Amino acid sequence: MTNLAFPTLSEALFLLPMAALTVFGLIPITIKVLRRNVEPSNLLSLFFGLGGVFLALLGTVAQSKLDAQAVFSGVLTFDHLANYSNLCVLLITAMTMLLSHGNVSTRGQSFAEHIFLICIAAVGMLILNSSVDLVVGFVGLEIMSISLYILIALGHEQRFTKEAAFKYFILGSFASALFLYGVAFIFGTTGTTALKPLAAQALILSSANRLFLVGLVLLVAGLGFKVSLFPFHAWTPDVYQGAPTSVTGFMATGVKVVMFTLFIRLAVEGIFQADANLIFALQVAAVLTMTVGNLAAIVQDNIKRMIAYSSVAHAGYIMIGVISAAASKNADGAGAALFYLASYTVMNLGAFAVVSLIEKEERGQLSIADYSGLGFKYPVLGLALTIFVLSLAGIPPTAGFLGKFYLFAAAFKEGFLGLAVFAILNSVIAVYYYLRVIVYMYMKESHERIEVGKAPLTFAVVTVTAVLCIVMGVASVPFYTPAIKSISNLIE
Amino acid sequence: MLSFLIFFPVLAALIVALIPTDRASRLAALVFSGIQFFVSLLLLKDYDSSSAALQFVEVYKWIPSFGIQYFLGLDGISLWLVLLTTFLTPLTILASWNSISEKVKSFHVCMLLLEMSMIGALVSMDLVLFYVFWELMLIPMYLLVGVWGGEKRIYAAVKFFIYTMVGSVLMLLAIIGLMYYGKEQTGILSASLLDLYKVNLPFDLATFFNPQMLMFAAFALAFAIKVPLFPLHTWLPDAHVQAPTPGSVILAGVLLKMGTYGFLRFALPLFPEATLQAAPIFVGISIFGIIYGAWVAMIQPDMKKLVAYSSVSHLGYVVLGLFAFNIEGISGGLYQMLNHGVSTGALFLLVGMIYERTHSREISKYGGLAAVMPVFAVFFLIITLSSIAVPGTNGFVGEFLILLGAYKSAPWTSYIAVTGVVWGAAYMLWMYKKVFFGPAGELVPEVEDAHHDHGPNHKVEHHGAHKHPLVDLSLREICVLIPLVVLVFWMGIFPNQFLEKSKASIEHFVKNKSQYELTIYRAQTSDIAVRGDLNP
């Protein structure tokens, strides 16, 4: 562990985004306490939450000009990679708040707490993005995870949410323990938890002290749980289904972004080169993740479960980029993974936003059959969901297509042809269940009248994400170049 | 110019989507696609047929880090296919005037977007851009079949989509591979077709698993599914039978040509050695397809299915022509693509017109139609004759050139393929006879005599109305068919007016091809030379 020196004032300025989120997140619940448990109006809570995100966003944009490699005695970094992921996380946070405002299961009750928890989870995510020290990373991970456990449990609907919260809590704690246990092994064998010095020793240690590898494997298991890699994916559908839809979107996108950022950091530092078998194991895990996710998604009738399994598959695709980066120090793979994360964020959040609009309190309205006739009754909403689904399936001209293109190109360049072939055949399987949504939307008549709730803010999210989906698919350069640049800065 | 042809339909689709009433949106779609057609005619005027180079070129950077460009261009091969697309679209919109009565606006948006993506695929000279349009084509077609189709439409639509997807995703991987091999040789990552034409992909006669062969296989699979070639054709009858008439027309008229066009533009010139080695397989498959398609067509009870299987047979000819690798064969192949677009498109329109009246396509339920609908019978006869390649019609020119080309490259292929002409005549004329002559069928009312115009006739009329009022073609329907019939004869009598535009491009293509043969020869001899060096 590094010796921590007291931070200087200029270093402390880097904490402004996190501070802004914490303070603004605290305001609504403080008001609630002062008014003796009377909820401030939802719009007011939302206003403070968004205000916090906005300030954090300003801070992040300001930081992105600096490219500060290491601050706080080298445990946090605000490099381009951190900034890229931070921007993603902040946008996700803002959209989650907007979705929560209009969602049935969060509407009207304990919204102030809801906003607070989202803010705190976002703080954890920002810490994770910036951490180049495993212990600090763990702190970020726990801040994020614990906030999420409570966020899920706050859901209005009783049975599934409580089950989901409990399941996620138990399994998530177990995964955190694995992660920490791995860190302990790594510290024991290398005497450090900082990534750079650790990477320098990795190659030597892997042959000298196998316990280092044990630690590394445990670490990967912990990470794998959070990004739902096979075989650590089993919790995903239950938790995604049970959580309030806005929170599901938050988990599905935010957690993936930050955990993969850490994964990418480990890969780019060359830590996975410690053992050739490790890279092979990751390849196997990636292929199985995609295949299992896609095959399981085919048989789902509940749309949230379907997207849950599809997000498992997407984790497998992203792994291609991570593996390409892990095998050789090259910006292409990691950059592609990063771009894919950004596009995945957009399309997945959009899809969940549509789900959030359709779902109803009493009967759920979550089966795919409930979408019958949506396309012609609500043409704009139908078009938006079509765009998200096509993008998830990787069909041009959407973000998802170019994301896959970059990933496959990276895999091809690094010689992972087999991986690319598996992934591409998998995307055909995926087309089948994504098309089902379109089939119901446009080709089946609705049995009962489909009603869409009035939630203008959710509509705004749908519109923004749908437009972004197309923009990233047509003009990807402004999104892809920073991703590549953030990695190539790291390699030099 | 080409960008206009791509983006004008998008704009038109947007406007159509905003128009409130069905009737107005229909009219707008017709007007816009008509404008599109007349604009595309300007291409014909400005096209320099003496040059084999790409014309109307537009190049902009798209994804610079991968050398991917927005690169459009037109040559003698794509020129006619673009025109075919812009020609068929307004006709099908006009033909669907009454048959599409639900979700009219969305239907026309789909049609216009389909036109956009087809033109985009035909003029893209960058492989990734081509792939984007190639995939994009699937979505409107999928919706056309799935939303406005028949009873089993969803099954047919999903089958169509998945089949095509399987082929095209592997092509994407091959495109990426091609780009990186190009980079190895030229040092620049580029997806431009002109750059990639220059790449010499590693090839090894001894094994199938060499890079060039594998990439060729990926491309060929994508195109063979689209054409469709024999074992991969099963999606076609389903899609055709379930699709609404306009969908079938566009599917047969243009979409299938994307496969043969892909062979001609990409698979053959990009992978010359692999093509040469695989040529016998493709010739064999295409001949088999010609006969097989014709035989299966012969036993179909459903008119639309019969026409669908006849497509399999006709496109077999096209592929046979392309793989003859000589001017006659390739010109014939190209000509047959246009012919098939015109005559099979027209056949689907005709079948659609009768279906609109009776809601049945079963051949056995008809008979004696010629007496009730004489104008219809005449049009049907002309198109039938064109489809079976009677001299004087367009079909004859195409099939003749193909058979000539095939004869020149390997005589035995033409001996077998020529029998397909006979089978073709057999099933088409058989259908014509059953439907139009003979005793009046179940669905066809007895013809009333002219004298019966007075009182007692009431009963008969009632009886007729009960069956189905079979009125002859309306003015609108005649307007749809006349341009097609004109083309049938025009293309049949003055083929040179069409062929000379493409001549330079095809000659250029064939010349390159013989150079490839030379390089193969050289490669083999230099192999010997190297061995000679090793053992002095």
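Guide: A residue is called buried when its relative accessible area is under 20%, exposed when it is over 50%, and partly exposed in between (1.4 Å probe, protein chains only). The model is predicted, so local features are described only at pLDDT of at least 70 and side-chain atom pairs only at pLDDT 80 or more, whereas totals for chains, interfaces and linings use all residues. Residues are numbered from 1 along each chain as its sequence is written, chains are lettered from A and ligands numbered from 1 in the order in which they are written, and side-chain values use heavy atoms, with hydrogens and water left out.

Visitor: What percentage of the residues of chain B count as buried?
Guide: Chain B has 536 residues, and its accessible surface (Shrake-Rupley method, 1.4 Å probe, where for residues only the protein chains shown count as cover) comes to about 20,000 Å². Carbon and sulfur atoms account for 67% of that surface. Of the residues of chain B, the share that counts as buried is 62%.

Visitor: What radius of gyration does chain B have, and why does it agree with a compact globule?
Guide: The radius is taken over C-alpha atoms, and the globule rule is 2.2 Å times the number of residues to the power 0.38. The C-alpha atoms of chain B fill a box of roughly 105 × 55 × 40 Å along the principal axes. Because a compact globule of 536 residues would have a radius of gyration near 24 Å, chain B agrees with that expectation at 24 Å.

Visitor: How many helices and strands make up the secondary structure of chain B?
Guide: Helices (H or I, at least four residues) and strands (E, at least two) are DSSP runs numbered from the N terminus. With contact meaning heavy atoms within 4.5 Å, 80% of the contacts in chain B between residues at least 6 apart in sequence join residues at least 24 apart. The secondary structure of chain B amounts to 21 helices and two strands.

Visitor: How far apart are the mean positions of the positive and negative charges of chain B?
Guide: Lys and Arg count as positive and Asp and Glu as negative, while His and the chain ends are not counted. Each charge is placed at NZ of Lys, CZ of Arg, CG of Asp or CD of Glu. For the 31 positive and 33 negative charges of chain B, the separation of the mean positions is 2 Å.

Visitor: Which residue forms a salt bridge with A:R436?
Guide: A salt bridge is a side-chain nitrogen of Lys or Arg within 4 Å of a carboxyl oxygen of Asp or Glu, and the structure holds 15 of them over all chains. A:R436 lies in helix 18 (residues 417-443) of chain A and its partner in the loop between helix 12 (276-298) and helix 13 (303-327), so the pair ties together parts that are 135 residues apart in sequence. A:R436 is buried at 17% relative accessible area, whereas the partner is partly exposed at 48%. With the closest N and O atoms 3.0 Å apart, that partner is A:D301.

Visitor: Which residue forms a salt bridge with B:E477?
Guide: The closest N and O atoms of this pair are 2.8 Å apart, and the link joins helix 20 (residues 475-493) to helix 14 (residues 327-358) of chain B across 120 residues. B:E477 is buried, with a relative accessible area of 3%, and its partner also counts as buried, at 13%. The partner is B:R357.

Visitor: Is A:T289 buried or exposed?
Guide: A:T289 is placed in helix 12 of chain A. Leaving aside neighbours within four places in sequence, its contacts include A:S228, A:L229, A:F230 and A:V312. With a relative accessible area of 0%, A:T289 is buried.

Visitor: Which residue does a cis peptide bond join to A:F230?
Guide: The omega angle of this bond is about 0 degrees. In chain B, a cis peptide bond joins B:V227 and B:P228, with omega about -10 degrees, and B:P228 is found in the loop between helix 9 (211-226) and helix 10 (235-242). The partner of A:F230 is found in the loop between helix 9 (210-226) and helix 10 (235-242) of chain A, and that residue is A:P231.

Visitor: What phi does B:F325 have, although it is not a glycine?
Guide: B:F325 is placed in the loop between helix 13 (303-322) and helix 14 of chain B, and is buried with a relative accessible area of 13%. B:K103, which is not a glycine, has a positive phi of about 50 degrees and is partly exposed at 25%. For B:F325, phi is positive, at about 60 degrees.
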